Number of protein chains: 2
Amino acid sequence: MLKDEVRTLSYRRAIVDNAHLFKGKTVMDVGCGTGILSMFCVKAGAAHVYAVDCSDIINQAKQIVSDNNMADKITCIQAKVEDMTLPCGKVDIIVSEWMGYFLLYESMLNTVIYARDNFLKPGGTLLPDKANMYIAGIEDSEYKQEKIEFWNNVYGFNMSCIKNIAIREPLVDTVEAAAQMTTACKFMSIDLNTVKVADLTFVRPFTLKGTRNDFMHAFIAWFDVEFSKCLKPISFTTGPGAKYTHWKQTVFYSTEVLSVSEQEEIKGSLSCKPNAKNPRDLDITIAVDFDGKHCSVHLSQDYFLR
Amino acid sequence: MLKDEVRTLSYRRAIVDNAHLFKGKTVMDVGCGTGILSMFCVKAGAAHVYAVDCSDIINQAKQIVSDNNMADKITCIQAKVEDMTLPCGKVDIIVSEWMGYFLLYESMLNTVIYARDNFLKPGGTLLPDKANMYIAGIEDSEYKQEKIEFWNNVYGFNMSCIKNIAIREPLVDTVEAAAQMTTACKFMSIDLNTVKVADLTFVRPFTLKGTRNDFMHAFIAWFDVEFSKCLKPISFTTGPGAKYTHWKQTVFYSTEVLSVSEQEEIKGSLSCKPNAKNPRDLDITIAVDFDGKHCSVHLSQDYFLR
């Protein structure tokens with residue numbers, strides 16, 4: 001993950017270039033991993049950083065912090081944020097790299113919300129503090145053939161019953177910008193200062209408009225993230241056409257191909273909720289209402305991110 | 001996995017092209033997945049196939065078998081092979097696609113051995129029935145830099161303590177044939193007719209010879225598999241330079257770079273045993289004894305495949 005330069009360099013700019021936010025402040029790094037964000041904070045002048053992770057990676061974080069002569073500035077704590085106390089009570093700043101695929105899949109956002117409510121001083125700063133989710137339509141006949149229609153004839157056998165399963169599993173994959181054949185629609189905005197866990201179960205409408213005459217095989221979703229408190233706001237996107245990130249995009253194949261003409265509108269909604277059995281998995285439904293010149297499609301498809 | 005054509009087409013040739021082995025015979029398909037090998041067996045004239053898998057994929061297998069009008073010839077059974085009985089007692093043939101990365105990682109070989117000892121008639125046939133493991137040396141400075149030396153300087157921080165962890169994790173990756181700079185050595189042969197579970201814990205010596213003057217950064221291991229009972233024996237390899245398979249090759253980085261001259265010998269040994277805590281993981285040790293013109297290296301490195 002450290003090799004994802006878009007991600008790590010964005011955090012570095014947001015932290016190291018904004019020493020005015022960090023000078024003399026106490027910081028909590030939620031899900032610190034190897035501790036790199038905590039070390040950025042020390043470079044930015046933080047008085048003390050509490051680097052928290054529940055996994056055994058904390059042992060490496062301790063060693064790395066020591067090897068970089070920051071052991072007096074960074075306290076590494078192996079704990080679940082929900083079960084711990086902080087020696088200093090509350091902190092001035094919370095930093096965290098909490099985002100998952102589709103922003104919310106296996107994300108640590110719930111933990112960041114808990115940390116905000118329990119460990120952040122009133123008026124304290126969250127980095128990042130905003131996130132937005134987007135949806136668009138893509139032409140993708142070649143991959144749909146390979147991933148879905150493949151099952152119609154597998155070495156001479158009919159395995160089409162697998163298609164129903166395959167189509168429900170969104171793919172995390174890189175989509176070329178040229179494949180996008182509708183406008184994008186921002187369907188969800190999250191303000192980390194105020195978001196509640198309950199807000200992460202939602203239904204949101206969207207409207208896409210055809211940008212050319214083309215067939216639409218799938219929806220794609222992506223997100224961007226913003227550090228709005230920086231002197232010059234810093235953000236990065238995981239959208240198609242932007243620089244590669246390990247989050248790539250998330251592809252939701254449609255059971256029906258839409259024949260879309262330029263300027264035609266595709267209306268729909270996306271609902272998302274944590275799976276009842278395993279809350280780190282997501283149950284997503286995309287409903288489509290489309291009446292175009294060449295076809296009408298009204299359907300609702302369930303997807304499972306797991 | 002079905003999309004691995006080398007694998008699936010080899011099984012198809014071994015089964016469908018060898019009807020003389022299958023005509024009127026009973027078959028057990030160990031770890032049947034979607035049931036494709038079972039359907040190949042029916043095409044080859046098998047009297048009846050028992051398709052066994054412990055996972056829920058068996059529900060799809062049942063549907064697929066029915067959709068291909070083979071429900072009278074194939075019985076799909078959801079069970080652990082170690083816990084089940086067969087309606088017919090014993091079978092004439094066992095087919096299985098049991099191979100894992102590095103042949104033995106998360107493999108089903110133990111289950112195939114159990115099936116052979118409990119469900120195969122004396123003199124019955126196993127497909128495949130032979131497997132061999134190979135080792136060679138490669139020049140790989142670019143990737144070693146990216147995967148291992150990367151940790152020396154991560155956005156300006158010293159994370160070199162991670163190198164010791166990273167080097168112990170073999171990589172499953174595609175290696176170009178041109179990278180191989182020693183001869184290959186077959187260090188392990190498995191005859192499925194006679195192999196015992198205890199044989200899968202082993203230490204084997206190997207000798208490699210430099211095929212050019214070059215630096216050696218890693219060992220690679222791969223395997224081939226043979227269906228020796230076919231009219232014309234069929235085999236496929238997962239080695240470098242052969243057609244891509246999803247098994248790729250397994251790369252073991254060396255802590256020290258060897259400066260190898262053409263014709264110089266690298267002697268060593270590879271030991272492999274199931275991990276005590278999780279027997280599906282493997283503990284592997286590669287020891288090297290090398291006295292070359294330009295360097296001497298004597299080391300023993302532990303690796304964990306998990």
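# Questions on packing, sheets and symmetry

Me: The crossing of H1(A) and H3(A) is right-handed. What makes a crossing right-handed or left-handed?

Reply: A crossing is right-handed if the near helix is turned clockwise from the far one by less than a right angle, and left-handed if anticlockwise. H1(A) and H3(A) fall in the right-handed class. The contact joins Thr8(A), Tyr11(A), Arg12(A), Ile15(A) and Val16(A) of H1(A) to Ile36(A), Leu37(A), Phe40(A), Cys41(A) and Lys43(A) of H3(A). By class, these residues are 7 nonpolar, 1 polar and 2 charged.

Me: What kind of model is this, and how are its parts labelled?

Reply: The model is predicted: local features need pLDDT of at least 70 and side-chain atom pairs count only at pLDDT 80 or more, while totals for chains, interfaces and linings use all residues. Residues are numbered from 1 along each chain as its sequence is written, and chains are lettered from A and ligands numbered from 1 in the order in which they are written. Helices (H or I, at least four residues) and strands (E, at least two) are DSSP runs, numbered from the N terminus.

Me: Why is H1(A) described as roughly parallel to H3(A)?

Reply: Their axes come within 9 Å and cross at roughly 30 degrees. Angles run from 0 to 180 degrees between N-to-C directions, and the axes are lines fitted to C-alpha atoms, for helices over the stretch in contact. Under 35 degrees counts as roughly parallel, over 145 as roughly antiparallel, 65 to 115 as roughly perpendicular and the rest as oblique. H1(A) is therefore roughly parallel to H3(A).

Me: How do H1 and H3 of chain B pack?

Reply: Helix H1 (residues 5-16) and helix H3 (residues 36-43) of chain B pack at about 30 degrees, with their axes 9 Å apart. That makes H1(B) roughly parallel to H3(B). The crossing of H1(B) and H3(B) is right-handed.

Me: How do you know which residues of H1(B) and H3(B) meet?

Reply: Two residues are in contact if their C-beta atoms, placed from the backbone, lie within 7 Å. On the H1(B) side the residues are Thr8(B), Tyr11(B), Arg12(B), Ile15(B) and Val16(B), and on the H3(B) side Ile36(B), Leu37(B), Phe40(B), Cys41(B) and Lys43(B). The contact of H1(B) with H3(B) has 7 nonpolar, 1 polar and 2 charged residues. Here Ala, Val, Leu, Ile, Met, Phe, Trp, Tyr, Cys and Pro count as nonpolar, Asp, Glu, Lys and Arg as charged, and the others, Gly among them, as polar.

Me: How do you know that S13(A) and S14(A) pair?

Reply: Pairing requires that DSSP finds at least two bridges between two strands. Strand S13 (residues 265-274) and strand S14 (residues 282-291) of chain A share 8 bridges in the antiparallel sense. Ser269(A) stands opposite Ala287(A) in S14(A).

Me: Which strands are the edges of the open sheet S9-S13-S14-S15 of chain A?

Reply: This sheet of 4 strands has antiparallel pairing. Strand S9 (202-209) and strand S15 (296-305) of chain A are its edges, as each pairs on one side only. From one strand to the next the twist averages 15 degrees.

Me: How are the strands of the open sheet of 5 strands in chain B ordered?

Reply: The order is S3-S2-S1-S4-S5, with parallel pairing. Strand S3 (74-78) and S5 of chain B are the edge strands. Neighbouring strands are turned by 25 degrees against each other on average, direction ignored. Strand S2 (residues 48-53) of chain B is joined to S3(B) by 5 bridges, and Val52(B) has Ile77(B) as its bridge partner in S3(B). Helix H4 (residues 57-67) of chain B lies across S2 and S3, at about 165 degrees to S3(B).

Me: Why are the two copies said to be related as by a two-fold rotation axis?

Reply: Copies are superposed by least squares on the C-alpha atoms of residues with pLDDT of at least 70 in both. A rotation of 180 degrees with 0.0 Å of shift along its axis superposes chain A on chain B, with RMSD 0.0 Å. The relation is thus as by a two-fold rotation axis. In chain A, the C-alpha nearest the axis is that of Asp173(A), at 9.5 Å.

Me: How do you know through which surface the copies meet?

Reply: 100% of the interface residues of chain A are also interface residues in chain B, so the copies meet through the same surface. Each chain is represented, with 18 residues from chain A and 18 residues from chain B. H4(A) gives the largest share of the side of chain A that touches chain B, 4 residues.

Me: What is the peptide bond from Leu127(A) to Pro128(A), cis or trans?

Reply: The bond is cis, with omega near -5 degrees. Pro128(A) is in the loop between strand S5 (120-127) and strand S6 (130-138) of chain A.
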